[in-house]
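User: Could you take a close look at one part of this model for me? I'd like a connected walk-through rather than a list.

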Amino acid sequence: MDDAATVAQLNDMASGGLLLSGWIRKAGSDGDPWELGRLQQIDQMNSGWIMIVLDQEQGVEAVLMGQPLPAEPVSVDDVDAEWVPLVELENLVPGAWCLHVIATLPEYRGKGHGARLMDIAETIARAGGHEHLALVVSDANGEAIRLYQRCGFSENARRPMIKGDWDGPGQDWVLMVKPTEAIVEERINPDHASIPKRPSG
């Protein structure tokens, strides 16, 4: 709970500012968009999202956030226009474990945090019996794409961004997928024994 404000900052960084744009719109002229963001992180945690922060006794340095995708496609009827292409891409990989956020604060980059969190995400996906690990990234985020490729992800599909009030970097959202070689019996690496498990579906 105490990390929610920093997690909101990291989450927005990973979205290229898309989240903050929505928080500003919802907060209105008298509201605090970052407080909305903080509360959203708490709501997502309480709804079952897995959130893992890296903290080496100096505060949060990086975060991983994810959850299993539904087995059936999600309707986009009530989704804000900017988010429609992302939901459409996620609908292409039903039942995959979706890595929604993996982000490191600028001052802690270059320390291998991204690779470490990616390893944890794959462990969670395998433990839950998911056949694929999936994520969506901006085509402008070359550094992240290269990390995901080194970790075994490949591009699966693209959708053009819808900018609206948001004018973030990039032109396309890119769906990247990695098979996890799902195992029959749920196992968790002993080094990550405290990681919570979620059933598939």
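The part I'm after is helix α3, residues 33–46, with the rest of the chain as background.

Analyst: A word on the ground rules before we get to the helix. This is a predicted model, where local features need pLDDT of at least 70 and side-chain atom pairs count only at pLDDT 80 or more, while totals for chains, interfaces and linings use all residues. Numbering starts from 1 along each chain as its sequence is written, and side-chain values use heavy atoms, with hydrogens and water left out.

Let's start with the ends of α3. Helices here are DSSP runs of H or I with at least four residues, strands are runs of E with at least two, and both are numbered from the N terminus. At the N-terminal end, Asp-32 acts as the cap, with a side-chain oxygen 3.0 Å from the backbone nitrogen of Trp-34. Past the other end comes Gly-48, which has a positive phi near 115°. In between, the 14 residues of α3 reach 20 Å from first C-alpha to last, close to the 20 Å expected at 1.5 Å a residue (the expected span is 1.5 Å times one less than the number of residues).

Now for what α3 tucks away. Its buried residues are Pro-33, Gly-37, Gln-41, Ile-42 and Gln-44; buried means under 20% relative accessible area, exposed over 50%, and partly exposed in between, with a 1.4 Å probe and protein chains only. What covers them includes α1 (4–14), α2 (18–27), β1 (50–55) and β2.

Gln-41 is the residue to zoom in on. It has a relative accessible area of 2%, so it counts as buried. Leaving out residues up to four places away in sequence, Gln-41 touches Ala-4, Val-7, Ala-8, Asn-11, Trp-23, Met-51 and Met-65, contact being heavy atoms within 4.5 Å. One of those partners, Asn-11, also makes a side-chain to side-chain polar contact with Gln-41, at 3.0 Å. A polar contact is a pair of N or O atoms within 3.5 Å; within protein, one must be able to donate a hydrogen and the other to accept it, and residues adjacent in sequence count only if both atoms are side-chain atoms.

From there, follow the cover into strand β2, which runs over residues 60–68 and holds Gly-66. Gly-66 has 0% relative accessibility, so it is buried. Apart from neighbours within four places in sequence, Gly-66 is in contact with Trp-49, Ile-50, Trp-97, Cys-98, Leu-99 and His-100.

Cys-98, among those partners, is itself buried at 2% relative accessibility. What about disulfides? The structure holds 0 of them, a disulfide being a pair of cysteine sulfur atoms within 2.5 Å. Cys-98 is in none, and its nearest cysteine sulfur belongs to Cys-151, 16 Å away. Cys-151 is buried too, with a relative accessible area of 18%.

β2 also takes us to another helix. His-113 sits in α5 (residues 113–127) and is buried, with a relative accessible area of 7%. The side chain of His-113 makes a polar contact of 2.7 Å with the side chain of Glu-61. Not counting residues up to four places away, His-113 touches Leu-54, Gln-56, Glu-61, Ala-62, Thr-104 and Tyr-108.

The loop between β1 and β2 is worth a glance as well, as that is where Glu-57 is found. Most residues other than glycine have a negative phi. Glu-57, though not a glycine, has a positive phi of about 70°. At 81% relative accessibility, Glu-57 is exposed.

Stepping back, the protein chain has 6 helices and 6 strands, in the order α-α-α-β-β-α-β-α-β-α-β-β along the sequence. Its radius of gyration is 16 Å, close to the 17 Å the globule rule gives for 201 residues, so it is as compact as a globular protein of that length. That radius is taken over C-alpha atoms, and the rule is 2.2 Å times the number of residues to the power 0.38. Buried residues make up 44% of the 201 residues. Of the contacts between residues at least 6 apart in sequence, 69% join residues at least 24 apart.
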